[in-house]
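Student: I would like to go through this model one question at a time. Please keep each answer short and end it on what I asked for.

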Protein chains: 2
Amino acid sequence: MNLKELAKHLGLSQTTVSRALNGYPEVGEATRKRVAEVAAHLGYRPNAHARRLATGRAHAIGYVFPTDRTVMIDPLFSDFVAGAADILALHGFETLLHAGGQEDEMSVYRRFAEGGAVDGVVVQAPHVDDPRVALLNELKLPYIVHGRLDSVEDGYAWLDIDNLGAFHKATKLLTDLGHRRIGLLNGPEKLIYALHRREGYEKALREKGLPHNPALMFSGLMTEENGYREAKRILQMKDRPTALIVSSMLLISGAMRAAHELRLEIGKDISLIGHDDGLPFLNAEGLVPTLTTTSSSIRNAGSRVAELLLELIEKPQGELPHELWNVDLIVRGSTGPVAS
Amino acid sequence: MNLKELAKHLGLSQTTVSRALNGYPEVGEATRKRVAEVAAHLGYRPNAHARRLATGRAHAIGYVFPTDRTVMIDPLFSDFVAGAADILALHGFETLLHAGGQEDEMSVYRRFAEGGAVDGVVVQAPHVDDPRVALLNELKLPYIVHGRLDSVEDGYAWLDIDNLGAFHKATKLLTDLGHRRIGLLNGPEKLIYALHRREGYEKALREKGLPHNPALMFSGLMTEENGYREAKRILQMKDRPTALIVSSMLLISGAMRAAHELRLEIGKDISLIGHDDGLPFLNAEGLVPTLTTTSSSIRNAGSRVAELLLELIEKPQGELPHELWNVDLIVRGSTGPVAS
DNA sequence: CAAGTTTCCCAAACCGCTTTGAGAACCAAA
DNA sequence: TTTGGTTCTCAAAGCGGTTTGGGAAACTTG
């Protein structure tokens, strides 16, 4: 059932039917109603590609995952995209996912832009010297960055959480509690957000005149196993830290396991703060003891990023949005004064 | 830069250029080469929608997530789709994701089929009385089910792992080790795979004449917290089980936490077997003790499902593929004879 | 009632590609 | 030279929508 047939059925022209269906004012209310009814009755669905070709709008936005896949390994991805897909569906947009394959990542963006496959893209997990933004500017493809670039904050749209502030707050809480040796289990520090977290951590240490000790730090994939191994390594040191700040719930899950194994009581022998992205399958409040966290829902971020991108597509001349989300520090049971 | 302009640049007709680019035999080698060079030099990219409209092929396959979202909450999703997206990209297909929105799930399939948005879809996590398959048959949209339907195995393409066999094997290992009270932490049993797992478990119990005790079972979302809570509940019973079979690594992570808290030594006081989907962030070998698992990579399943679907799209008249994957039982340190 | 507005509708052009059906140019065989 | 077969190329017709530029009918005005 295509438009032509539908028009014939109705005894109207294609134009009128198309306009009736798309809410143009040139068609009478009675006609519009009749068209809508017959269309629904006959199960007419406009062909997506024909419409896109005619309007030049893809009604889709794209997510390209780097070929090294480290982003996609992370379960955060799932929640972030879920949040976005929801909003996009609400606005009649499709979500296009591109991952892997033999095609070079940059050329995927090229194809997306020049082939009109999508109206915009979301750039996730920007890293140091990220080439994507320059390319997208050149391609004039609307985009928004989830996170921020190295040191630039202007000239592109972004939404980020205040990672620096969050980790500063968390570290400060610990130093205020008297901790002087504080470890950091971080994500891969080629990613900007991980860098920001370390900066926040180091800033708080500096403010108290505490030494910067690389042996107390880890940077790498945020898996349970890494959390376990590194926490164990760090907690077995001669002058072991009395507190640990950890970049994800999975890392922390491993870290808690290590602490248990070393018979360190969490919140007493060792204080723990984790960053909680609000993943639905791993709940900071469900742990024992409940976990002190810096927390910010990555799903909400996904939704908001999608919304902003849609606005950007709607009016390309508008202001480039910048949103920096505050991150709450929620004090629960895993932090306490340093044992004397 | 579109085809017409490119053709003008070359002094050829659109037809010839199109054929040259798409490898049709009617065009000479020298011409083809020249066309390819100029196209590359001018950065020509065919318009995706125009091509789709002309060929009638979307070069995309779709994933629709149920509005209740339970599937998407699960981080398995991420790995499954990642595996698929990779293969799809390799074959020049896009991956379309639809989740949430106000549009009814069934109507999304309708739109996909009748609007030609995708060439096929993957049906995930089929549940009891799943209406999707009937709809897709009616729509004549190629599809493949990851999993199986209630009791039907014919008339549709599917790839499934042998959940029943796996959990039977696992339970049998435990009964052979002398365990007589064995608990089960399962996923939501409206999902067929969870049903199959329970059947495997119950079958092994029956074979040993062991009683079926609903108090030793849990069925629900596979979160860490549920694993913890339910394991704790079950392990605090008067006649507590000496072994637990668990449907996911997240559940097991919670269950291990509960065991630690109750001061039960895993592999000795309590045996544990988990199903391992091979998620990259939670490794059964990285745990202490290492975990006995039934294991099957969900990422590989995602890839293979995509491959099969592509074949199905290629030749719609072909046999409907059925693949039942064997699941290995890998015995590691978390299982042992029942304490006497 | 004539002129001017609205309201409603249409034929045809267009979006950018693929594909059909055919024609021109060239060569070898008869 | 004619015939037949390759090889290379093209104009034009789709694919299924949207949009332009009018035009006819109905309804207000003066």
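Student: How many residues of the surface near DNA strand C are charged?

Tutor: The model is a predicted one. By class, the surface near DNA strand C holds nine nonpolar and 13 polar residues. The remaining class is the charged one, and its count is four.

Student: Which element gives the most to the surface near DNA strand C?

Tutor: Around DNA strand C there are 26 residues, and Gly28(A), Thr31(A), Asn2(B), Leu3(B) and Ala54(B) come nearest. Elements giving two or more residues are helix H2 (14–22) and helix H4 (48–55) of chain A, with helix H1 (3–10), helix H2 (14–21) and helix H4 (48–55) of chain B. The most, five residues, comes from H4(B).

Student: Which residues come closest to DNA strand D?

Tutor: The surface near DNA strand D has nine nonpolar, 13 polar and three charged residues. H2 and H4 of chain A and H2 and H4 of chain B each supply at least two of its residues. Of the 25 residues that surround DNA strand D, the closest are Leu3(A), Ser18(A), Ala54(A), Thr15(B) and Gly28(B).

Student: How is H1(B) oriented to H2(B), roughly parallel or roughly perpendicular?

Tutor: The axes of H1(B) and H2(B) come within 9 Å and cross at roughly 100°. Angles from 65 to 115 degrees count as roughly perpendicular. H1(B) is therefore, relative to H2(B), roughly perpendicular.

Student: Which residues of H2(B) does H1(B) meet?

Tutor: The contact of H1(B) with H2(B) has five nonpolar, two polar and one charged residues. From H1(B) come Leu3(B), Lys4(B), Leu6(B), Ala7(B) and Leu10(B). In H2(B) they meet Gln14(B), Val17(B) and Ser18(B).

Student: Which strands stand at the edges of the open sheet in chain B?

Tutor: Six strands of chain B form this sheet, with mixed pairing, in the order E7-E6-E8-E9-E10-E12. An edge strand has a single partner, so one side of it is left without a neighbour in the sheet. The strands in that position are E7 (217–219) and E12 (328–330).

Student: Which residue in E9(B) stands opposite Val246(B)?

Tutor: Strand E8 (residues 243–246) and strand E9 (residues 271–276) of chain B pair in the parallel sense over four bridges. Helix H12 (residues 249–261) of chain B lies across E8, E9 and strand E6 (182–186) of that chain, at about 155° to E9(B). Opposite Val246(B), in E9(B), stands Gly274(B).

Student: Which element gives the largest share of the side of chain A that touches chain B?

Tutor: In this interface, 49 residues of chain A are in contact with 48 residues of chain B. The side belonging to chain A has 22 nonpolar, 16 polar and 11 charged residues. Its largest share, seven residues, is from H6(A).

Student: What is the bridge partner of Leu97(A) in E2(B)?

Tutor: E2(A) and strand E2 (residues 94–99) of chain B pair in the antiparallel sense. Three bridges join the two strands. The partner of Leu97(A) in E2(B) is Thr95(B).

Student: What kind of axis relates chain A to chain B?

Tutor: A turn of 180° and a shift of 0.0 Å along the axis lay chain A on chain B with an RMSD of 0.1 Å. The same surface serves both copies, as 98% of the contact residues of chain A recur in chain B. The turn and shift are those of a two-fold axis.

Key. Residues numbered from 1 in each chain as written. Chains lettered and ligands numbered in written order. Predicted model: local features only at pLDDT ≥ 70, side-chain atom pairs only at ≥ 80, totals over all residues. Pairing = 2+ DSSP bridges. Contact = placed C-beta atoms within 7 Å. Axes fitted to C-alpha atoms, helices over the stretch in contact; angles between N-to-C directions. Near = placed C-beta within 6 Å. Nonpolar A, V, L, I, M, F, W, Y, C, P; charged D, E, K, R; others polar. Parallel < 35°, antiparallel > 145°, perpendicular 65-115°, else oblique. Least-squares fit on C-alpha atoms with pLDDT ≥ 70 in both.
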